[in-house]
Amino acid sequence: MASPGTGERNPVSNEVIIERDNKKLTDLPAELLEYILCFPVLNHVDILNVSCTCKRLHDVCYGRGKVWGHQFKLRWPRLQRNYRQNESYDWLKEYRTRYVVGLQIRRTVVSISKRFFTEVPCVGQVLGDSFAEIESLGAPEHFCEDELLSILNSDKRKSLTLKYYAKKILYFLRQQNILRSLKVFLEQPANEQSALEGAVLVDQYCNPLAEVTLENILAQLEDIADKVRKCLRVSNPSHPSQRATTGDCLVVEDFELQRQVICALNTVLYEQLQFTGNECDFYNPLNSYIHQVLLRRTGIPISLSVLYMTLARKLGVVLEPVNFPNHFLLRWCQKQRRSGDIYDYVYIDTFGKGKQLTAKECEYLIGHQVTADYYSAISTSKVLLRMVGNLLNIGKRGEGNEKSYQLLRDSLDLYLTINPDNVQYLLLQARLYFHLGIWPEKVLDILQHIQALDPTQHGAVGYLVQHTLEHIQHKRHPVLPEAKLRSATQHRDVQYSVGLIMKHKRSGYNCVIYGWDPRCTMSQEWITTMRVHQLSNGANQPFYNVLVQDGTCRYAAQENLEPHSAPLEIAHPEVGRYFSEFSDTHYVANEELQARYPEDMTETLGTVGELYRLTPSSLGSEGLPPSVRPNADAKSP
């Protein structure tokens, strides 16, 4: 017998070794290959390359398989909610479509800045019908939204212009969806319309970028209803609400049992949870948004009434909305059958901690008598009109900034969706669009509709038609503003440049410069109103367009401004329209603003270098025009 290590080799083991050496990756089972190709380090390019090597790997990477499904989920995790787990999808096709949509969306967003920078005014800026381009792509809506969210969630300080327009597009796309849902809601029979659902749609339309869902609102109300049930259990363990389960349509007929529900509801809402009417800040629009009322536990009569009415209905008590002037109420019938007598009802003031009032006591709330009609129950659509009307009035009372204009636009859209033939608000919408310089074609459509509804409006309609046609003509032949060169003789007194973060010496506000004039260019009326003549140099000094931290745009005299000692980001909604990046000490002007002030960014970099003692290497060359950026290949003299 041969000793170990010597003699003849075992032929069987040789065959095993040879067979093992001949094994290839492609000989592995498909499940194991899929597992290997799903490693996170591999991207879509790697998978494409692998699938091109041989038929075996091509088959493993088939469109409906795990490999492309994993690639899709890895790259776009937010989209998973749009797919059912047990269904089969062509993931390769989904990946390609989503990838192409992403490229199209980014190209469209980038192009919008170039086209609208000089056309649309800073305050109340809206892009109007340019959004049709996004819709014309014909891409799945959730793909478009996901790409826009990807842009918005990228590096906070960079790509500000891209984010600015992506946000506007996302705002518009979501509003279009909500408007379609509202129209479907309004087509339902009146007795099937829920005031809460309508109020949530109003909330969503005015806050399309917030994650507000009916499901979430209902879940919060169910939690409150559970607290009321626990409160009822203490006083009456056998109350019908204790036996009802979620989804049951409970109706409590007995008045004493109804009274117990109302009493427990008041205890939970106003004593335990501390809900209250917002008397101190009544005209804050947040008081009208259901998700904010639940979050802040304060609101106005109508928003609190919608919540109160919904909770009471969950617990078996039917309350009806009453469109009482200046103070929205609920009414609770004290008879077995509905009565036409206003004195057969108790009226609940949800703004006053659920106080119960007689018909006569209701008049004391507003200080004068009203007819019986004002005590009648109203439909859900009228509740929504009252709610939207409140927002409209807040928008009218606004300060003429971006927020108030947007609220006015949103509330007008909602009002005219519910009541499309209201001539007063149609005319207001046309005037608003005309004032903001947006959507002139739509203005003409609105005016034509007004003329058909009410021919007596021909004077106002004719004036707006004439000037809107002039606006359209101007759009076709735009006059581009001239570039402002700091080196020009007439600009020698201009000390500051765009992108610098400043502080107002008198008012103390922080701001960033986005434009300047060598002398004040405002009207004599403005100069007098703002007391410019009281300044040391009056109107005969440089004035600067600035974006202020509080969201306003102002026109400030040079003598009133000074560079900020500790530069900070300016949280203004229009920053992205003018700047592409925040660079710790200053803002970097985007291409469009640099074209208007071609020499300013060089000046800005020099100024911040001196002010904050920065070295050229720490400043970098971002924001400099290509013609003045340092050449990496240039040799020192």
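**Entry 1: α12 and α14**

I started with two helices, α12 (residues 255-272) and α14 (residues 301-314), whose axes come within 11 Å and cross at roughly 135°. I'm working from a predicted model here. Parallel, antiparallel, perpendicular or oblique? Angles over 145 degrees would count as roughly antiparallel and 65 to 115 as roughly perpendicular, so I put α12 and α14 down as oblique to each other. I also noted the hand: α12 passes α14 in a right-handed crossing.

Next I looked up who touches whom. On the α12 side I found I262, L265, N266, L269 and Y270, and they meet Y308, L311 and A312 in α14. Sorted by class, the residues of this contact come to 7 nonpolar and 1 polar, with no charged ones.

**Entry 2: α11 and α14**

I stayed with α14 and turned to α11 (residues 214-235). How does α11 lie against α14? Their axes come within 10 Å and cross at roughly 60°, which makes α11 oblique to α14. I wrote this crossing down as right-handed.

From α11, the contact takes in L221, E222, I224, A225 and R229, and from α14 it takes in L307, T310, L311 and K314. I got 5 nonpolar, 1 polar and 3 charged residues for the contact of α11 with α14. L311 caught my eye, since I had it in the α12 contact and now have it in the α11 contact.

**Entry 3: the sheet of 4 strands**

Then I went to the strands. One open sheet has 4 of them in the order β3-β4-β5-β6, and the pairing is antiparallel. Which strands stand at the edges? They are β3 (320-322) and β6 (355-357); each has a single partner strand, so one side of each lacks a neighbour in the sheet. On average, neighbouring strands here are turned by 40° against each other, direction ignored.

I zoomed in on the middle of that order. β4 (residues 329-333) and β5 (residues 345-349) pair in the antiparallel sense over 4 bridges. As an example, I noted C333 standing opposite Y345 in β5.

What does α14 touch in this sheet? It packs on the sheet and touches β3, β4 and β5, and its direction makes about 30° with that of β4. Helix α15 (residues 359-366) packs on the sheet too, touching β4, β5 and β6, with its direction at about 115° to that of β6. So far, then, I have α14 in contact with α12, with α11 and with the sheet.

**Entry 4: the sheet of 5 strands**

I found another open sheet, this one of 5 strands, ordered β10-β9-β8-β7-β11 with antiparallel pairing. Its edges are β10 (553-557) and β11 (561-563); each has a single partner strand, so one side of each is left without a neighbour in the sheet. Neighbouring strands in this one are turned by 50° against each other on average, direction ignored.

I checked one pairing inside it. β7 (residues 501-504) and β8 (residues 510-517) run antiparallel over 3 bridges. For K503, I looked up the bridge partner in β8 and got N510.

**Entry 5: aromatic pairs**

Last, I went through the rings. How many aromatic pairs are there? I counted 25, taking rings whose centres lie within 6.5 Å. I picked out F72 and Y83, an edge-to-face pair at 5.5 Å centre to centre with 85° between the planes. F72 is in helix α5 (residues 66-75) and Y83 is in the loop between α5 and α6 (91-116), 11 residues apart.

Conventions:
Residues are numbered from 1 along each chain as its sequence is written. This is a predicted model: local features need pLDDT of at least 70, side-chain atom pairs count only at pLDDT 80 or more; totals for chains, interfaces and linings use all residues. Side-chain values use heavy atoms; hydrogens and water are left out. Axes are lines fitted to C-alpha atoms, for helices over the stretch in contact, and angles run from 0 to 180 degrees between N-to-C directions. Angles under 35 degrees count as roughly parallel, over 145 as roughly antiparallel, 65 to 115 as roughly perpendicular and the rest as oblique. A crossing is left-handed if the near helix is turned anticlockwise from the far one by less than a right angle, and right-handed if clockwise. Contact means heavy atoms within 4.5 Å. Ala, Val, Leu, Ile, Met, Phe, Trp, Tyr, Cys and Pro count as nonpolar, Asp, Glu, Lys and Arg as charged, and the others, Gly among them, as polar. Two strands pair if DSSP finds at least two bridges between them. Rings of Phe, Tyr and Trp (its six-membered ring) pair if their centres lie within 6.5 Å; planes under 30 degrees apart count as stacked, over 60 as edge-to-face and the rest as tilted.
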